[in-house]
Amino acid sequence: MKIAVTTENGTVFQHFGKTQTFTVYETEGKEIKSRTLLDAGGNGHSALAGFLRDNQVDVLICGGIGQGAKDALGSCGIQIVPGTVGSVDQVVRDYLDGVLVGNFDFTCSHHEHDHAHGDHHCCGEHGCGSHS
């Protein structure tokens with residue numbers, strides 16, 4: 001199984017649509033076989049679902065994510081564990097141990113925070129593919 005985690009400075013990045021780097025773990029059972037960094041290559045919002053699908057990701061662990069991105073990832077067959085925080089290594093270990101606590105009801109909208117003031121604790125999936 002491949003698990004991708006939105007990553008910034010070794011922690012879960014909180015704005016899925018702005019993710020620049022994913023830490024990708026190849027696992028077998030509860031064992032981590034490999035860990036690599038994957039550059040998103042400037043992909044954003046709507047393109048990230050296809051990017052993760054093309055990299056054979058089975059599970060995405062992330063912070064904030066909008067409903068449009070959830071739907072796109074779901075249509076790619078990627079399981080999502082949203083609303084997580086902490087060290088990327090720890091959240092993957094917790095996931096594999098069956099104890100990762102995510103906020104599965106968490107959905108955010110760009111209308112609920114202010115992009116101009118740098119408040120990027122969540123991600124809005126706008127369908128436009130970019131922020132203005």
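Is A40 buried or exposed? In this predicted model, A40 is buried, with a relative accessible area of 0%, and the views below begin with its surroundings.

**View 1. The surroundings of A40, a residue of the loop between β4 and α1.** A40 has a relative accessible area of 0% and counts as buried because that value lies under 20%. Leaving aside residues up to four places away in sequence, A40 touches T19, Q20, F22, L48 and F51. Q20, one of these contacts, is separated from A40 by 20 residues in sequence, yet the two C-alpha atoms are 5.1 Å apart in space.

**View 2. Pairing of strand β3 with β1 and with β4.** Strand β3, residues 21-28, pairs with strand β1, residues 2-8, in the antiparallel sense through 6 bridges, and T7 stands opposite T21 of β3. Strand β4, residues 31-39, also runs antiparallel to β3, to which it is joined by 8 bridges. T21 stands opposite D39 in β4, so that T21 faces a partner in β4 as well as T7. Further along, V24 has T36 of β4 as its bridge partner.

**View 3. The hairpin of β3 and β4.** Between the two strands of this hairpin there are 2 residues, and G29 adopts a positive phi near 65°.

**View 4. The buried side of helix α2.** Helix α2 comprises residues 67-75, and its buried residues are A69, K70 and L73. These residues lie on the same side of α2 because they cover an arc of only 105° around the axis. An α-helix has 3.6 residues a turn, so residues three or four places apart point the same way. Among the elements that cover the buried residues of α2 are α1 (46-54), β5 (59-61) and β6 (79-81). After α2 comes G77, which has a positive phi near 80°.

**View 5. Confidence along the chain, with attention to residues 109-132.** The average pLDDT of the protein is 82, and 78% of the residues score at least 70. Over residues 109-132, by contrast, pLDDT stays under 50, although the model has 46 contacts for this stretch beyond four places in sequence. Those 46 contacts should accordingly be read together with the pLDDT under 50 that accompanies them.

Note on methods:
Residues numbered from 1 in each chain as written. Predicted model: local features only at pLDDT ≥ 70, side-chain atom pairs only at ≥ 80, totals over all residues. Heavy atoms only, no water. Helix = DSSP H or I, 4+ residues; strand = E, 2+ residues; numbered from the N terminus. Buried < 20%, exposed > 50% of the residue type's maximum accessible area, 1.4 Å probe, protein only. Arc of directions from axis to C-beta. Contact = heavy atoms within 4.5 Å. pLDDT = per-residue confidence, 0-100.
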